[in-house]
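Subject: Handover of a structure and notes on it

Dear colleague,

I am passing on the structure below, followed by notes on what was found in it. Please read the notes with the coordinates open beside them.

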Amino acid sequence: MNTGLDTVARAARTAGAPLSDADTRSLARERARDLLARHDAVLVAHYYVDGELQDLALETGGCVADSLEMARFGRSHLARTLVVAGVRFMGETAKILSPEKRVLMPDLEATCSLDIGCPPDRFARFCDEHPDRTVVVYANTSAAVKARADWMVTSSCALPIVADLKARGEKVLWAPDRHLGRYVQQQTGADMLLWDATCVVHDEFKGIELELMRKEHPRARVLVHPESPESVIRQADRVGSTTQLLRAVSEMDADEFIVATDAGLFHRMRQMAPGKTLLEAPTAGAGATCKSCAHCPWMAMNSVDRLVQCLSGDARTIAAHAIELDPRVIRDARTCIERMLDFVAQTPGAAASPAGGFVPNLGAA
Ligand code: 13P
Ligand code: SF4
């Protein structure tokens, strides 16, 4: 898509005039669009990345989604290269599901505290100690951890999957997020042994401060991602994955929301529900220099400029941005992911469907 701004920026450049910030951004987006097309690449972005990158994904036929939808989208899309703007486990999941595709990330160092908190060797020992339990891992883990699991789940489908395992009489070993694990355990009543790791972003939300904020905004509805502490989840009107929270803002009959998740989601929420008031849930008390500052430092490593760098070098530079996994790890990790995708496909309502409609060039999800 070419905008009037692009033309202005080009004219200014030709005349030797300094470019305004808006012109510079416009040129960067134009370059990114060209590079995506030239490499037959599609951009698969998470809601927590920079808003400019989210817009670019939607403008170019990619997607902005939660981790479940990102996996489904990447697997089904016809492009030969997937550019995953998110964190490492999202790129690995894309590669596991589509080993024949090239999977690039703007920054391969973008990781996740849950992934860091669950090293494969320690996790394997934990599984060895509990051979009677079905191993269920959250998507936010390394490929090596997934290779050891029976099931992968995301926050979008963890409840129905664990409820189904419980109905079949299975005991669960859960890793790594202990808040999500406890929430799933409480909701389903399943016998679950929990690993002890947390998300550095959601773990910071404060229940006491949230109570105070709700008193100041008595009409606001509270939306909470289940990686948050129990004291926060307890106050929620809706608990769900990023897509489910986004949907709640559009669908719920309220004008004001307090949202306990990464601030990156607000960009899409504002687009999907213009006119509604969105308040960031508190991560600290009065007097703190930052009272609501939930933003993932690893998601923040993604930007349009990093995407341009990733795609504009020679073959070696581009290869340095590619996810590479041992074929045996791919084979072993794939089973638990496909089990989840099959369950979601066969179970109506097991997960939120994509928010914001369908996109071109996508096969059946
Ligand atoms: P979602 O699956 O809800 O997008 O969550 C991923 C994540 O990393 C949240 O912190
Ligand atoms: Fe991981 Fe938390 Fe960042 Fe999500 S927000 S990627 S769970 S550290």
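Strands, as the word is used here, are DSSP runs of E with at least two residues, numbered from the N terminus, and two of them count as paired if DSSP finds at least two bridges between them. The model is a predicted one, which should be kept in mind throughout.

With that definition in hand, Val 136 has Trp 151 as its bridge partner in strand 6, while in strand 7 its bridge partner is Trp 174. The neighbouring contact on the strand 6 side places Val 137 opposite Met 152. Strand 5, which covers residues 134–138, pairs with strand 6 in the parallel sense over three bridges, and four bridges join strand 5 to strand 7, again running parallel.

These strands belong to an open sheet of four, in the order 6-5-7-8 and with parallel pairing. Strand 6 (151–153) and strand 8 (192–194) stand at the edges with a single partner strand each, so one side of each is left without a neighbour in the sheet. From one strand to the next, the twist averages 25 degrees.

Helix 10 (residues 178–188) lies across strand 5, strand 7 (172–175) and strand 8, and runs at about 165 degrees to strand 8. Strand 5 is mostly covered, with four of its five residues buried.

Turning to the ligand, the residues surrounding ligand 1 include Asp 66, Asn 140, Cys 199 and Glu 227, and by class the shell has two nonpolar, seven polar and two charged residues.

Best regards

How values were computed
Residues numbered from 1 in each chain as written. Chains lettered and ligands numbered in written order. Predicted model: local features only at pLDDT ≥ 70, side-chain atom pairs only at ≥ 80, totals over all residues. Near = placed C-beta within 6 Å. Nonpolar A, V, L, I, M, F, W, Y, C, P; charged D, E, K, R; others polar. Axes fitted to C-alpha atoms, helices over the stretch in contact; angles between N-to-C directions. Contact = placed C-beta atoms within 7 Å. Buried ≥ 20, exposed ≤ 12 C-beta atoms within 10 Å, placed from the backbone.
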